[in-house]
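Please look over the chain shown here and follow the paragraphs below with the model in view. They lead from one loop to a group of strands and then to some further loops.

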Amino acid sequence: MKRHAPATARNSGPIADVLAQELPASGLVLEIASGTGEHALFMASRFPDLTWQPSDFDQEAVASIDAWASEAKLANLRPAIQLDASQPPWPVGNADAILCVNMVHISPWRATEGLFAGASRILTGNAPLILYGPYIESDIDTAPSNLEFDASLKARNPEWGLRQFSDMDDLARAERLHRTARHPMPANNLMLVYRPTPHPK
């Protein structure tokens, strides 16, 4: 029942180091597309003052998340919920942060549209939407490994593939969010941070 993703062991530490800079000191973090559940377990352990709410579209992934959690018995790690980012309303009414790791390029674009729309609905104040994964930037040469990855994703599903960095920013603006950080990460990945755009006074 428990799933394992080898990349999780490699990227959990670097992701957590950035989250330490971007997450609030306390509150609820909604993780979208939690996958195996290994990130949720790692982050809940790393940030004991935050309540971690894992979620995934796939019911088998939800079962894997709960299997990992049942062993750890962390008080701040909630049972996983089934959540389709593209379909409102979400089963979470508000959150103090949203984290989404490696979903944007392995899902149809409508899932990313739904992710930003959902973030706009449930984040308030300066709460962050934090994304991790590979992107294509027009002013920076794309690593050959990322180009190969992009081609392999599109071969598996034409609706998948690495997204243009500028398209992410455009989508954020349309949902009243703005990018506040771009963190370079190992293996040619990025962490992007978006926050609600303040209303004009």
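Asn 188 is partly exposed, with a relative accessible area of 42%, in a model that, it should be said at the outset, is predicted. Because the range for partly exposed residues lies between the 20% limit for buried and the 50% limit for exposed, the value of 42% places Asn 188 in that middle class. This residue is found in the loop that runs between strand S8, residues 177-185, and strand S9, residues 189-196. Its backbone carries a positive phi, near 60 degrees, although the residue is not a glycine. Leaving aside neighbours within four places in sequence, Asn 188 is in contact with Pro 134, Ala 143, Ser 145 and Asn 146. The C-alpha atom of Asn 188 is also separated by 8.4 Å from that of Gly 133, a residue 55 positions away along the chain.

From Gly 133 the reader can turn to strand S5, which covers residues 129-133 and pairs in the parallel sense with S4 over 4 bridges. Within this pairing, Val 101 has Tyr 132 of S5 as its bridge partner. S4 also pairs in the parallel sense with strand S1, residues 27-32, again over 4 bridges, and here the bridge partner of Glu 31 is Leu 99 in S4. The path from S4 to S5 involves helix H4, residues 109-122, and together S4, H4 and S5 make a right-handed β-α-β unit.

How many of the residues of strand S4 are buried? The strand, which spans residues 97-101, is mostly covered, with 5 of its 5 residues buried. In a regular strand the side chains alternate between the two faces of the sheet. In S4, Ala 97, Leu 99 and Val 101 lie on one side while Ile 98 and Cys 100 lie on the other, and since all of these are buried, both faces of the strand are covered.

The loops around these strands have details of their own. Between strand S3, residues 81-82, and S4 lies the loop that holds Pro 89, and a cis peptide bond joins this residue to Pro 88, with omega at about -5 degrees. Another loop, between S1 and helix H2, residues 38-46, contains Ala 33, a residue other than glycine whose phi is nevertheless positive, near 60 degrees. Ala 33 is partly exposed, with a relative accessible area of 23%.

Is Asn 76, in the loop between helix H3 and S3, buried or exposed? At 11% relative accessibility Asn 76 counts as buried, because the value falls under the 20% limit. Its loop follows the span 59-72 given for helix H3 and leads to S3. A polar atom of the Asn 76 side chain lies 2.9 Å from the backbone oxygen of Ala 44, and the side chain also reaches the backbone oxygen of Phe 47 at 3.2 Å. When neighbours within four places in sequence are left aside, the residues in contact with Asn 76 are Ala 44, Phe 47, Pro 48, Leu 50, Thr 51 and Trp 52.

Technical notes: Residues are numbered from 1 along each chain as its sequence is written. This is a predicted model: local features need pLDDT of at least 70, side-chain atom pairs count only at pLDDT 80 or more; totals for chains, interfaces and linings use all residues. Side-chain values use heavy atoms; hydrogens and water are left out. Buried means under 20% relative accessible area, exposed over 50%, partly exposed in between (1.4 Å probe, protein chains only). Helices (H or I, at least four residues) and strands (E, at least two) are DSSP runs, numbered from the N terminus. Two strands pair if DSSP finds at least two bridges between them. A crossover is right-handed if, with the strands pointing away from the viewer, the path from the first strand over the helix to the second runs clockwise. A polar contact is a pair of N or O atoms within 3.5 Å; within protein, one must be able to donate a hydrogen and the other to accept it, and residues adjacent in sequence count only if both atoms are side-chain atoms. Contact means heavy atoms within 4.5 Å.
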